Amino acid sequence: MRVIPLASESLGVRSLAVFVDAGGRKILIDPGVALGPKRYGLPPAKVEIETLHRMRRKLQGYAGKADVVTISHYHYDHHTPFFEGLYESSSEEYAREIYEGKLLFIKHPRENINFSQKKRAWAFLKKAEPIAKKVEFADGRSFDLGGVTLEFSPAVPHGSEGSKLGFVVMTLIDDGFRLIHASDIQLLNRKAVEWIIEKVPDLLITGGPPTYLGKRAEGSWEAGIKNLNEIIRETNAEVVLDHHIVRDKRYPKFFDELEKSPKTFAGFLNVEDRPLEAYRRELHGRERGEEVEVPFKLR
């Protein structure tokens with residue numbers, strides 16, 4: 001199995017997109033790239049917008065190689081919508097290139113879903129279903145792709161139990177090597193943790209808790225550490241950890257508290273972490289000509 005992380009917070013955007021080549025199947029997971037419209041009360045800095053466009057082109061290139069696309073839920077950093085949106089760098093033509101002719105395995109658009117995502121799912125399917133090779137509602141199902149098993153978890157909370165953000169599905173790809181992509185579970189609910197442990201992955205790609213939200217995420221740091229350490233002990237999986245946790249400047253300290261050191265997407269690719277959103281204030285200061293330091297190169 002060849003695993004290529006494509007876009008994430010450590011690479012400068014909101015995303016958890018991954019390309020996997022397993023047994024000749026080319027699988028694109030969660031093909032969405034976005035920016036936080038407001039952080040510290042500020043819109044994205046110029047370098048964030050430039051990075052968004054670059055990551056969109058990268059995603060587009062790998063979509064051209066894929067024959068399978070999976071979507072864990074309908075937030076715009078996890079699927080590409082069929083419209084031009086604020087900081088989404090998307091359009092109907094661009095979205096067609098992602099989905100046309102593909103086998104689509106997607107979060108159920110009507111079951112275990114909140115109102116906001118149900119509306120987005122309806123808008124997505126209206127455009128995607130006519131152009132896709134086939135659409136399968138994936139929740140809790142397993143598919144044989146000819147030497148490669150694609151299995152999906154039941155719908156689990158997007159974060160803590162009772163989350164108002166709805167539900168997501170996790171993806172297991174097995175060609176003899178077992179990869180789990182655990183999108184937006186935030187390591188905060190038992191159902192997700194228990195499913196991961198039951199499946200015993202060799203590699204776990206997941207997003208950490210949204211500790212950058214401060215009081216709104218109170219207790220999430222401790223819960224995330226506890227739950228990920230349990231997964232590490234029970235499965236001995238290698239861990240790639242990114243997404244919400246990397247919006248917090250303190251994420252290296254979170255990594256240090258784990259029993260097995262994870263990698264970010266950038267670390268997995270052997271490039272420098274560039275958590276642009278976490279340093280948006282500093283990036284705006286640099287745009288104004290201020291001498292502000294950031295712990296990564298700007299390019």
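In this predicted model, 30 residues line the largest pocket, and His75, His158, Leu165, Tyr212 and His244 are the ones that lie nearest its centre. The model also holds one cavity of 30 Å³ or more, an open sheet of six strands and 23 salt bridges. The points below take these topics in turn.

**Largest pocket**

- The space in the largest pocket comes to about 720 Å³.
- Its lining is made up of eleven nonpolar, ten polar and nine charged residues.
- Three histidines, His75, His158 and His244, are among the residues nearest the centre of this pocket, together with Leu165 and Tyr212.

**Largest cavity**

- Rolling a probe the size of a water molecule over the atoms shows where empty space is left.
- The count of cavities of 30 Å³ or more is one, and the largest cavity contains about 40 Å³ of space.
- Residues from several stretches of the sequence line the largest cavity: Glu9, Gly12, Val13 and Arg14, then Ala34, Leu35 and Gly36, then Glu48, and finally Glu277 and Arg280.
- Five residues of this lining are charged, three are nonpolar and two are polar.
- The charged residues of the lining include Glu9, Arg14, Glu48, Glu277 and Arg280.

**The six-stranded sheet**

- The strands of the open sheet follow the order β1-β2-β3-β4-β5-β6, and their pairing is mixed.
- Strands β1 (2–8) and β6 (134–137) stand at the edges of the sheet; each has a single partner strand, so one side of each is left without a neighbour in the sheet.
- On average, neighbouring strands of this sheet are turned by 15° against each other, with direction ignored.
- β1 runs antiparallel to β2 (residues 16–22), and six bridges join the two strands.
- Arg2 has Asp21 in β2 as its bridge partner.

**Helix α1 against the sheet**

- Helix α1 spans residues 46–63 and lies across three strands, namely β1, β2 and β3 (25–29).
- The helix runs at about 150° to β1.
- Glu48, one of the residues that line the largest cavity, falls within the span of helix α1.

**Salt bridges**

- The structure has 23 salt bridges, one of which joins the side chains of Arg247 and Asp77, with an N to O distance of 3.7 Å.
- This pair links distant parts of the chain, as Arg247 and Asp77 are 170 residues apart.
- Arg247 sits in the loop between β14 (238–242) and α6 (251–256), whereas Asp77 sits in the loop between β4 (68–71) and α2 (92–99).

Notes. Residues are numbered from 1 along each chain as its sequence is written. This is a predicted model: local features need pLDDT of at least 70, side-chain atom pairs count only at pLDDT 80 or more; totals for chains, interfaces and linings use all residues. Side-chain values use heavy atoms; hydrogens and water are left out. On a 1 Å grid over the protein atoms alone, a cavity is a set of points where a 1.4 Å probe fits but cannot get out, and a pocket is an open set with protein on both sides within 12 Å along at least five of seven lines; lining residues have an atom within 4 Å of a point. Grid points are joined across faces, edges and corners, and a volume is the space filled by probe spheres set on the points. Two strands pair if DSSP finds at least two bridges between them. Helices (H or I, at least four residues) and strands (E, at least two) are DSSP runs, numbered from the N terminus. Axes are lines fitted to C-alpha atoms, for helices over the stretch in contact, and angles run from 0 to 180 degrees between N-to-C directions. Contact means heavy atoms within 4.5 Å. A salt bridge is a side-chain nitrogen of Lys or Arg within 4 Å of a carboxyl oxygen of Asp or Glu.
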